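Work through the following exercises with the sequence and the model beside you, and try each task before you read its solution.

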Amino acid sequence: MSVIAITLPLTPEAARLMRGVNGRAMRLFADGYRAVILEDLTSEVTSPEGNTYRVNPQNGSCPCAFQEQHGLPCKHSLGLGKLLQDQQRANLPGHPFGPQMRFALGQMVVTKGADEALAQCNASMLSYLRRHSFGDWGEVDKADKRANDAGVNEEDRLLSAYTLPDGTRIWVITEWDRSVTTCLLPDEY
Ligand SMILES: [Zn+2]
C-alpha cells in the first residue's frame, strides 16, 4: 500500500475519473457499503458483494484495484467519513454511538426512578445505553446473555442489567421492534 499524493492539475482523464469517484463516494451507504473501525483505527469497508477493503484514513490508502490502476484516491477512501456518519444516522439519529452499535435503539427514554438513581450517583444514562448498544449486556445471567446475542438480528427484546456505583441495579430494555429503548429500575417493570 502506498501513500496517495494527488498531483495538480489532473490530466483530463484523471479529472473525469475523479468526478465519477466523488459521486460514488458520497453514496456508499445507499449503495450498500458498510464499514467498521478496527483497533488500529483503519477501517474495513465491505462492498455489497462482500469484498472487503482495509482503508487507512490517515493517508487514504486502500488496496482496491482502482487505486492500484490509476494512483488516484478511490471511492472507499474518499467516502469513508460519510459512510461512517450515514451508518450512525441510520442506527440512531442524533445519538452517534458509532458503528460499533449492534442494533438500533429507537427512541431512548428513562423512567423517573432510573433517572433519580442515575442522578444520585452522577452516572450518565448514555454510557449504559452505549454499552447496551455495543452488546455488553452487563450482569444478565448466561441464559439472557445467550438470548440477547441470538436476538440482536431477530425481532427479540434485548435486556441488559447494570449495577450503579452505589449498588442500585438498572435495566436497559430495547423493544423487539427497536422502536424504544428504556432505562428503568427492575421494580418499575
Ligand atoms: Zn478503494
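Helices (H or I, at least four residues) and strands (E, at least two) are DSSP runs, numbered from the N terminus. The model is a predicted one, in which local features need pLDDT of at least 70 and side-chain atom pairs count only at pLDDT 80 or more, while totals for chains, interfaces and linings use all residues. Residues are numbered from 1 along each chain as its sequence is written.

**Exercise 1. List the elements of the protein chain in order.**

Solution. Begin at the N terminus and write down each element as you meet it, which gives α-β-β-β-α-α-β-α-α-α-β-β-β. Then count by type: the protein chain has six helices and seven strands.

**Exercise 2. Describe the open sheet that contains β1.**

Solution. Two strands pair if DSSP finds at least two bridges between them. With this rule, the order β1-β2-β3 is found for an open sheet of three strands, and the pairing is antiparallel. Next, look at the edges, where β1 (34–37) and β3 each have a single partner strand, so one side of each is left without a neighbour in the sheet. Now take one pair in detail: four bridges connect β1 with β2 (residues 43–46), and Ile37 has Ser43 of β2 as its bridge partner.

**Exercise 3. Which residues have the most contacts inside the largest nonpolar core?**

Solution. First fix the terms. A residue is buried if 20 or more other C-beta atoms lie within 10 Å of its own, exposed if 12 or fewer, and partly exposed in between, with C-beta atoms placed from the backbone. A nonpolar core is a set of buried Ala, Val, Leu, Ile, Met, Phe, Trp, Tyr and Cys residues joined through C-beta atoms within 7 Å. The largest such core has 14 residues, and those with the most contacts inside it are Tyr33, Ala35, Val45, Val55, Leu80 and Leu83. The elements that supply two or more residues to this core are α1 (12–26), β3 (52–55) and α3 (75–91), and α3 gives the most, with four residues. Apart from this core lies another, of eleven residues, including Leu105, Ala117, Leu118 and Val172. For the whole chain, 25% of the 189 residues count as buried.

**Exercise 4. Sort residues of α4 into buried and exposed, and then examine the loop that follows.**

Solution. In α4 (residues 112–120), the buried residues are Ala114, Ala117 and Leu118. They cover an arc of only 100 degrees around the axis, which puts them on the same side of α4; the arc is that of the directions from the helix axis to the C-beta atoms. Lys112, Glu116, Ala119 and Gln120 are exposed on the other side of α4. Moving on, Asn122 lies in the loop between α4 and α5 (125–133). Although Asn122 is not a glycine, its phi is positive, at about 55 degrees. Asn122 counts as exposed, because it has 8 C-beta neighbours inside 10 Å.

**Exercise 5. Follow the side chains along β7, and then find its partner strand.**

Solution. In a regular strand the side chains alternate between the two faces of the sheet. Along β7 (residues 180–184), Thr181 and Cys183 point to one face and are buried, whereas Val180, Thr182 and Leu184 point to the other and are not. The strand β6 (residues 169–174) runs antiparallel to β7 and is joined to it by four bridges, and Ile173 has Thr182 of β7 as its bridge partner. Finally, the hairpin of β6 and β7 has five residues between the strands, and in this hairpin Arg178 takes a positive phi near 60 degrees.
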